Amino acid sequence: MSQTVDESKIGGLGVSRKRVEDNRFIRGRGNYTDDIVLPGMLHLEILRSPLAHARIKSIDTSRAWEIPGVRLVLTGEMAATRNLAWMPTLSYDTQAVLATDKVRFQGQEVACVVADDPYIAKDACEAIDVEYEPLPVVVNPEQAVAEDAPLIRDDKAGQTDNVVYRWEVGDPAGTDAAFEKADVVSKLRLHYPRSHPSPIECCGSVADFDRATNKLTVYMTTQAPHIIRAAVAMVAELPEHLIRIISPDIGGGFGNKVPVYPGYVCSILCSILLERPVKWIEDKTGNLISTGFARDMYLDGELALRADGKILGVRMHAEADHGAFFADAQPSKFKIGLLHSTFACYDVPAAHLTARGTYTNKAPGGVAYRCSFRVTEAMFFQERMVHQAAKDLGLDPAEFRRRNFVRAEDFPHRTPFGFLVDSGQPQACLDVGLRAVGYEDFLRQKEEARKRGRRLGIGISTMTEPLGAGNSREYDILGIKMFDSAELRVHMTGKAILRVGAKSQGQGHETTWAQIVSHELGIPADDVTVEEGDTDTAPFGMGTYASRSTPVAGAAISLVSRKIRAKARKLAAHLLEVSEEDLEWELGRFSVRGVPEHGVTIQECAMAAYGNMPDGMEPGLENHAYYDPPNLTWPFAVYIVTVEVDPETGVWDVLNTVAVDDCGVRINPMIVEGQIMGGLTEAYAMANMQFITFDAEGNCVGSNYMDYLLPTAWETPGFELHSEVVTPSPHHPIGAKGVGECAAVGGPAAFVNAVLDALDDTGVRNIDMPLLPDRVWEALTRRHDVSG
Ligand code: CDP
């Protein structure tokens, strides 16, 4: 008689367990950085530059110092005496902490004030007199490389122009040969505009330097606390064991909370100088104008096509606008950095990619907003090119994809840029999506509607993207190899605490990580506490971004649970007085082979680890594991959108959105669906409404929520999600692949393709995002492309 634990009842794998963290979030009991209040705490505010490019002639802080309650007014010159006026960035560039020589973008940090309360600090910032000498402003890559362009980074020895990098990958000769053989060449040029991750919680930190212990504790909004600890140790030259970074609850990150911002550094420096805790909480406009912007890439591409629809080769060029400081992770160094990940689900024999990055007088850009480096731009461009190529050939876009997909039986597949895509079922996913949306029927409706002056359109986006950096052979940040970690301690009653190197910003790790332990050990998920984000207690990890948590940290959780199970087996053998080989494992219980009623539970093994271990066995039931993945994970996704465009106004409405996501084994289907819905919402927002740009003088247009729109439930269309296709990751211990960013990466092209499909008799090849009504109307009535 089997006494196996029923996994579905203990919150194991595949259970839509309710999110345990929501208990505190919906009760207003979350613990965010701004909730931290320490005795004697002071408040820091930052003075930002009103100009995009100007030489600083003088800074007079005397009026600010006179305001009662002001404790410190810090300028770049003062920071320089501590060697902290500049800091290194993730991409081995430098970024000003507080400007000393020039300001290089609107909103750049010029000085800061620490005072008894934030209002005094703000008033004191306004009392600082800065004399600027305006300089010519550069706001796009074309201006950046013009002959008479001003040199933005004249602080850098040897920098003679505004180019950050020039870089290429692929096979130029093979690609030329492919184009010579082509029957049709399909070209596309577009701009993926700047966008902002815009988490609801802005950035902030509370730095607390204790002179008595020499210990620096920093509570901060970071997605990667251990990397921050390493960076602080390097930059502030403090010993690593005396630095504790605590990342409490985070109200959304989306990549915005990966970089190190001047505000963090200022709060640390001021706390060291004043020997008091110093809190810095950014306001919304500060966040929108100065922290990690994303995208801003001009893309030129062409596909060499055979008349029967086969893609023979692809050429692409990317012009990336990085703003004044190259602060994102180095995209030309990483294998997934620029557009390398394109065409991984298509069988494309030859490809060549060139890229150039430029400095401009804009806030640092290029942050990986809900994506791995530049995967979003890559997938958008790929799927826009694929759509246009099908139209240029007069082929149905779904059929064109079918003719070019890598077949399920042909994985693992080596892409033209060198990735090994280990698994996938592209066609099976597309079939599910086409059936769900009623493809053939919609095409008929579209034709009928067109005859009556109505414009319907359907857009498809299909993609596989690399999720889960490392492996350590190929990926590092500041020389630290990319892997992840978990540490599991089972208490004597069989309850457990799990500490993980990742850091949730709302993705539900506290819920799903416990489910993995449950699946491996049969301990109810409710009996497992999950902790992340404290460098004094969590094992070393690279943090959460690029949907790497499940592929890497999730795998480490499986592995550490298996180590615990291996020790529990020894304990069970001791308790049952048989050899280990005579034991069978059923979930949550070991039993003697052939005598199933004779067994012990995992909880009984835990008790024995503390009270009845065999002679010579080390007491306790705890362990740790690091997972260095042999490959990335390769989820596959199909997004199909149908729209109706109003020809009178250019307004477009979404009729239907179908998503088919194959992310391997799902730990928690409900959480996965939440991730996909969130991603599609962001994709819709990027395609439809989000507009944050810069005028000719470098003023940020859209630096508030009146202008930069976040979609609410009111605007957001409904989504129909499908999970029928499951292709487990071949290397992940439970077959899971990442999913968090898929819909935000693959979604935008489906919306844009749908609108362009509704205009497919006009000769319009492209409208740049956001597809605002006036742009669509202009394209429709003037019959030309509209660039943004
Ligand atoms: O790194 P990040 O947490 O942003 O992304 P992820 O690893 O794709 O996971 C997002 C959320 O979905 C987490 O709570 C995961 O545990 C969950 N997930 C899942 O339940 N099953 C998967 N196959 C992938 C993710």
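**Strand pairing and helix packing in the predicted model**

Asp 321 stands opposite Thr 358 in strand S17. This pair belongs to a predicted model, and the strands around S17 are described here before the sheets and helices found elsewhere in the chain. Strand S16 (residues 311–321) and S17 pair in the parallel sense, and 9 bridges connect them. Strand S9 (residues 163–170) also pairs with S17, but in the antiparallel sense and over 7 bridges. Within that pairing, Val 169 stands opposite Leu 353 in S17. Strand S17 covers residues 350–358, and 7 of its 9 residues are buried, so the strand is largely enclosed by the rest of the structure.

Strand S16 has a further partner in strand S15, to which it is joined by 9 bridges; S15 and S16 run antiparallel. Leu 305 stands opposite Ile 311 in S16. The two strands, S15 and S16, form a hairpin with 5 residues between them. In the turn of this hairpin, Gly 309 has a positive phi of about 100°. Strand S15 (residues 294–305) is mostly covered, with 11 of its 12 residues buried. Strand S15 is paired as well with strand S10 (residues 184–195), in the antiparallel sense and over 11 bridges. Here Ser 186 stands opposite Leu 303 in S15.

An open sheet is formed by 7 strands in the order S3-S7-S1-S14-S11-S12-S13, and its pairing is mixed. Its edge strands, each of which pairs on one side only, are S3 (70–75) and S13 (243–246). From one strand to the next, the twist averages 20°. Within the sheet, strand S11 (residues 204–210) and strand S14 (residues 278–281) run antiparallel and are joined by 4 bridges. The bridge partner of Gly 204 in S14 is Ile 281. Two helices lie across strands of this sheet. Helix H7 (residues 225–235) lies across strand S12 (215–220) and S13, and runs at about 145° to S13. Helix H8 (residues 262–274) lies across S1, S3, S7, S11, S12 and S14, and runs at about 25° to S11.

Another open sheet has 4 strands in the order S20-S30-S31-S34, again with mixed pairing. Strands S20 (455–464) and S34 (720–722) are its edge strands, each pairing on one side only. The twist averages 15° from one strand to the next. Strand S20 is joined by 10 bridges to strand S30 (residues 636–645), and these two strands run antiparallel. Ile 460 stands opposite Ile 640 in S30. Helix H17 (residues 669–688) packs on this sheet and touches strand S31 (652–662) and S34. The direction of H17 makes about 140° with that of S31.

Contacts between helices were also examined. Helices H15 and H16 pack at an angle of about 85°, with their axes 9 Å apart. That angle makes H15 roughly perpendicular to H16. On the H15 side, the contact is made by Ala 568, Leu 571, Ala 572, His 574 and Leu 575. On the H16 side, it is made by Ile 602, Glu 604, Cys 605, Ala 608 and Ala 609. By class, the contact of H15 with H16 has 8 nonpolar residues, 1 polar residue and 1 charged residue. The buried residues of helix H16 (residues 602–611) are Ile 602, Gln 603, Cys 605, Ala 606, Ala 608 and Ala 609. Their cover includes helix H15 (549–576), helix H14 (509–521) and three strands, S23 (484–490), S27 (589–592) and S28 (595–601).

A second helix pair is provided by H10 (residues 375–393) and H18 (residues 742–758), whose axes come within 8 Å and cross at roughly 30°. This crossing angle makes H10 roughly parallel to H18. The crossing of H10 and H18 is right-handed. Helix H10 contributes Val 375, Thr 376, Met 379, Phe 380, Glu 383, Arg 384 and His 387 to the contact. Helix H18 contributes Ala 744, Val 745, Gly 746, Pro 748, Ala 749, Val 752 and Asn 753. The residues of the contact of H10 with H18 divide into 8 nonpolar, 4 polar and 2 charged. An α-helix has 3.6 residues a turn, so residues three or four places apart point the same way.

Technical notes. Residues are numbered from 1 along each chain as its sequence is written. This is a predicted model: local features need pLDDT of at least 70, side-chain atom pairs count only at pLDDT 80 or more; totals for chains, interfaces and linings use all residues. Axes are lines fitted to C-alpha atoms, for helices over the stretch in contact, and angles run from 0 to 180 degrees between N-to-C directions. Angles under 35 degrees count as roughly parallel, over 145 as roughly antiparallel, 65 to 115 as roughly perpendicular and the rest as oblique. A crossing is left-handed if the near helix is turned anticlockwise from the far one by less than a right angle, and right-handed if clockwise. Two residues are in contact if their C-beta atoms, placed from the backbone, lie within 7 Å. Ala, Val, Leu, Ile, Met, Phe, Trp, Tyr, Cys and Pro count as nonpolar, Asp, Glu, Lys and Arg as charged, and the others, Gly among them, as polar. A residue is buried if 20 or more other C-beta atoms lie within 10 Å of its own, exposed if 12 or fewer, and partly exposed in between; C-beta atoms are placed from the backbone. Two strands pair if DSSP finds at least two bridges between them.
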